[in-house]
Amino acid sequence: MMKATFLGHACLLVSTEEHSVVIDPFLTGNPKATAKPEDIKVDAVIVTHGHGDHLGDAIDIANRNDCLVIGVYELVTYCQRKGAKKVHPLHIGGSYNFPFGRVKFVPAWHGSAFVEEDGSIVYTGNPAGVLLFMDGKTIYHAGDTGLFGDMKLFADLHPIDLAFLPIGGNFTMDINDAVEATKLSRPKIVVPMHYGTFPVIEADPSEFARKVQEVCPTTTVKILQPGESVTL
Ligand code: NI
Ligand code: MN
């Protein structure tokens, strides 16, 4: 049995009986977070890109758990410089079998740089989406992205059980584009994310649910409040 718990914004905790992985653990400073970094017990931390609302507490959580930060090469090199003890570089199109399961990075149309406290900007490579294969299930975490047609390509190759798609607009897909992304990726279950955390990404998840139900009858929409889970 696999449990996917939404921890607010774009943070997802995936647990099986044996393993746990967290993606984009932005908890400190996240007004919607219901968990603290010290609560997170995981085998790995996956980060989609270097923006603060995704990198978040990744280094702290990885070091507390003595586990890997997994991200694109430039991002994990940056994490090492910031104190991450264990990292694993991947890149878009690449995948690797970890003890907890397989991770494959897919494209995301976005930016990826970390803005330091002094305002300097550090390039952290290409942004990525994540395909996570654990316990016979496939989870797609889209990261921050605009809509693109190749979602259909990798969903054809790797049928998706559960997708987390951004709907908040401004920085990512809005509701209508996320509905198109659902049509392309045809997940069994889709969970909207990356909305409502800040005023500029306000969106109504029930509008997303209604529109998906109209055009994607094979997909179930689950709206999760931070702390809530779906079980696969
Ligand atoms: Ni971003
Ligand atoms: Mn973001």
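Modeller: One cut-off before we start: a donor is an N, O or S atom within 2.8 Å of a metal such as these. Everything here comes from a predicted model. In it, the manganese ion (ligand 2) and the nickel ion (ligand 1) sit 3.2 Å apart, with aspartate 144 coordinating both.

Biologist: How do you know which residues are the protein donors of the nickel ion (ligand 1)?

Modeller: By distance. His49 (NE2), His51 (ND1), His110 (NE2) and Asp144 (OD) lie 2.2 Å from the nickel ion. The limit is 2.8 Å, so these atoms count as donors. Along the chain they follow the spacing H-x1-H-x58-H-x33-D.

Biologist: And what makes the site of the nickel ion (ligand 1) count as irregular?

Modeller: The angles among the four donor atoms run from 89 to 175 degrees. A tetrahedral site needs all angles between 85 and 135 degrees, so the 175 rules that out. Square planar has its own angle test, and a site that meets neither is irregular, which is the label this one gets.

Biologist: Which residues are the protein donors of the manganese ion (ligand 2)?

Modeller: Asp53 (OD), His54 (NE2), Asp144 (OD) and His194 (NE2), lying 2.1 to 2.2 Å from it. Those values are within 2.8 Å, so the atoms pass. Their spacing reads D-H-x89-D-x49-H. Histidine 54 is in helix H1 and aspartate 144 is in the loop between S12 and H4, so this pair ties together parts that are 90 residues apart in sequence.

Biologist: Why is aspartate 144 called buried?

Modeller: Its relative accessibility is 2%, and buried means under 20%, so it qualifies. Histidine 54 gets the label too, because its value is 0%. Histidine 49, on the nickel side, is also buried.

Biologist: Moving on to helix H3. What makes its buried residues count as being on the same side?

Modeller: The residues in question are Leu75, Val76, Tyr78 and Cys79, within helix H3 (residues 73-81). They cover an arc of only 150 degrees around the axis, which puts them on the same side of H3. The cover over them includes H1, helix H2 (58-65), strand S5 (68-72) and strand S6 (87-90). H3 lies across S5 and S6 and runs at about 140 degrees to S5. After the helix comes glycine 83, whose phi is positive, near 110 degrees.

Biologist: How do you know where the buried residues of H2 point?

Modeller: By the same kind of reasoning. In H2 the buried ones are Ala58, Ile59, Ile61 and Ala62. Their arc is only 165 degrees around the axis, so they share one side of H2. S4, H1, S5 and H3 are among what covers them. Just after H2, aspartate 66 has a positive phi of about 55 degrees.

Biologist: Now the sheet. Why do S6 and strand S16 (229-231) stand at the edges?

Modeller: The open sheet has seven strands in the order S6-S5-S4-S3-S2-S1-S16, and the pairing is mixed. S6 and S16 each have a single partner strand, so one side of each is left without a neighbour in the sheet. From one strand to the next, the twist averages 20 degrees.

Biologist: What makes strand S1 (residues 3-6) and strand S2 (residues 12-15) a pair?

Modeller: Pairing takes at least two bridges, and these antiparallel strands have four, so they pass. One case: alanine 4 has valine 14 in S2 as its bridge partner.

Biologist: Why does phenylalanine 164 count as buried or exposed?

Modeller: Its relative accessible area is 0%, and the cut-off is under 20%, so phenylalanine 164 is buried. It is placed in strand S13 (residues 162-166). Leaving out residues up to four places away in sequence, its contacts include Ala4, Phe6, Tyr140 and Leu224. Phenylalanine 164 is also 8.2 Å from alanine 10, C-alpha to C-alpha, though the two are 154 residues apart in sequence.

Biologist: Last one: how do you know whether proline 187 is buried or exposed?

Modeller: Its relative accessibility of 1% is under 20%, so proline 187 counts as buried. This proline is in the loop between helix H5 (175-185) and strand S14 (189-193). Among the residues it touches are Ile160, Ala163 and Thr218.

Methods
Residues numbered from 1 in each chain as written. Chains lettered and ligands numbered in written order. Predicted model: local features only at pLDDT ≥ 70, side-chain atom pairs only at ≥ 80, totals over all residues. Heavy atoms only, no water. Tetrahedral: all angles 85-135°; square planar, octahedral: opposite > 155°, others 65-115°. Buried < 20%, exposed > 50% of the residue type's maximum accessible area, 1.4 Å probe, protein only. Arc of directions from axis to C-beta. Contact = heavy atoms within 4.5 Å. Axes fitted to C-alpha atoms, helices over the stretch in contact; angles between N-to-C directions.
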